[in-house]
Amino acid sequence: MKGKSIIKLVGMLLIIGIMIFVAAFGVTLGSWKINPAMNGIKKGLDIAGGSSIQYDADADSITDEQRDTVVSILRTRLTEQGYTEANVQSQGDKRFYVEIPSVSDPREAVELLGKTAQLSFADPEGNTVMTGDDVDTATAKFDKLSETTAPENYVELKLKDSGVQKFSEATGRLAGQPEGQNFIAIMLDDQVVSSPRVQTQITDTTCIISGGNFTVEYARELAGLIRAGQLPFKLKEVGVSSVGATLGETAFNNSIMAAFISLILIMLYMLVFYRLPGLVSAIALSFYTALTVLLLGWFKVNLTLPGIAGIILSMGMAVDANVVIFERIIDELKLGKTLRASVESGFHRAIAAVVDSNVTTVIAAAVLLWLGSGTVKGFAVTLLIGVLVSMFTAIVITKFLLVQLVQLNVKNRKLYGIGVK
């Protein structure tokens, strides 16, 4: 029994050590590279600066609804690219400002944002059938289109209610027409990006664009172009420039140092007051820190000062969960229960409180992520990741390590915090 526990304990420590190394220094295995600090985590606009783009609406006049639609579409595009800290705002009647963090080349920023042309669907005579306003979304997919055909790449187009009737009328008119007169051209301004043939009248909110020989890349590109063209009017680029950092590298380094000092002080506190469980907590906290950094890199999160605050906050919550668990274990030990029974009972009694406190924070972070923007969204992302990781760490990793120590038959109750406070 002790031998298996030693192997499990050493194995877990080895895994945590590897995670810490990868999070801190990265690793390269042939063409496979993991380096969250260098390639994954991006610094936000307040730390590293970025690029600014100014657009004017190519329209005589625009409504408040159209203005909000443009801001929403541009912000969604940047969020999908991983730039959750990007800032999009309208100013005046027709101007829109976009600020993208960590992109020093303004032309690269323009390419990241994508096409700003207007989408339209036209029949063979060049008449507009519907526009991007009538499209809800477009998604590249790979599946069977019927029971008798092989899987293929295609684009699934979802229409708004306003587009269903227009598309139904057009496809009903074109279905059955001779070759060359039975297509609907998908156009960005005057450029045709695809001309799918109409095979039958479409009366549903969902329709399929397929060619039989679509590649994965083409399906994704076509879906992306359709989504990009949902703007209610064309945007004209009127200026691009670089944006300086509002706080700078010094503030970032100070924040990272503050997070590191907080981590060390928390570990020392746990060691002093909880002894052996405190050591387990310190190891689990190291696991938490490494996994959080890896996930931030994996999801290409823009890290700003509010984002760092979210990480530090979730770090404190991770330790708070351990405190609740350890106090329950101490209570069980004071009742005269065995060490193994105290650990099992302590976790069982504490788990409801730990889950409840974390779930409420997850709900708050999810609402901020849903409704927030800019640095608020960045704070919500890091807080959400941190809380989920901290909950997993407290419930799974801490318990695993403690159980292995119990199996080693370390029975001195003072090592478990009895009589320390």
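Which residues in H1 meet which residues in H11?

## Helix H1 against helix H11

This is a predicted model. On the H1 side, the residues are Lys2, Ser5, Lys8, Leu9 and Met12. They meet Ile397, Phe400, Leu401, Gln404, Leu405 and Gln407 in H11. By type, the residues of this contact divide into 6 nonpolar, 3 polar and 2 charged.

Helix H1 covers residues 2-25, and helix H11 covers residues 375-407. Their axes come within 8 Å. They cross at roughly 145 degrees. The crossing of H1 and H11 is left-handed.

## The largest nonpolar core

The largest nonpolar core has 53 residues. Leu285, Ile325, Phe326 and Ile329 have the most contacts inside it. Several helices feed this core: H1, H8, H9 (305-334), H10 (339-371) and H11 each supply at least two residues. The largest share comes from H8, with 17 residues.

Take Ile325, one of the residues with the most contacts inside this core. Leaving aside neighbours within four places in sequence, Ile325 is in contact with Gly346, Phe347, Ala350, Val354 and Ala394.

## A second core

There is also a second, separate core. This one has 27 residues. Among them are Val129, Val155, Val164 and Ile209.

## Leu291 in helix H8

Leu291 lies in helix H8, which spans residues 249-298. Which residues does Leu291 touch, not counting those up to four places away in sequence? The partners are Met19 and Val389.

Gly224 is another matter. Leu291 and Gly224 are 67 residues apart along the chain. Their C-alpha atoms are separated by 32 Å.

## Strand E10 and its partners

Why is strand E10 described as largely enclosed by the rest of the structure? The strand runs over residues 152-159, and 7 of its 8 residues are buried, so the rest of the structure largely encloses it. Buried here means under 20% relative accessible area.

E10 pairs with strand E9 (residues 135-143) in the antiparallel sense. That pairing has 8 bridges. Asp143 stands opposite Glu152 in E10.

E10 is also joined to strand E13, residues 206-209. Here 4 bridges link the strands, which again run antiparallel. Leu157 has Cys207 in E13 as its bridge partner. In a regular strand, side chains alternate between the two faces of the sheet.

Notes
Residues are numbered from 1 along each chain as its sequence is written. This is a predicted model: local features need pLDDT of at least 70, side-chain atom pairs count only at pLDDT 80 or more; totals for chains, interfaces and linings use all residues. Side-chain values use heavy atoms; hydrogens and water are left out. Axes are lines fitted to C-alpha atoms, for helices over the stretch in contact, and angles run from 0 to 180 degrees between N-to-C directions. A crossing is left-handed if the near helix is turned anticlockwise from the far one by less than a right angle, and right-handed if clockwise. Contact means heavy atoms within 4.5 Å. Ala, Val, Leu, Ile, Met, Phe, Trp, Tyr, Cys and Pro count as nonpolar, Asp, Glu, Lys and Arg as charged, and the others, Gly among them, as polar. A nonpolar core is a set of buried Ala, Val, Leu, Ile, Met, Phe, Trp, Tyr and Cys residues joined through side-chain atoms within 4.5 Å. Buried means under 20% relative accessible area, exposed over 50%, partly exposed in between (1.4 Å probe, protein chains only). Two strands pair if DSSP finds at least two bridges between them.
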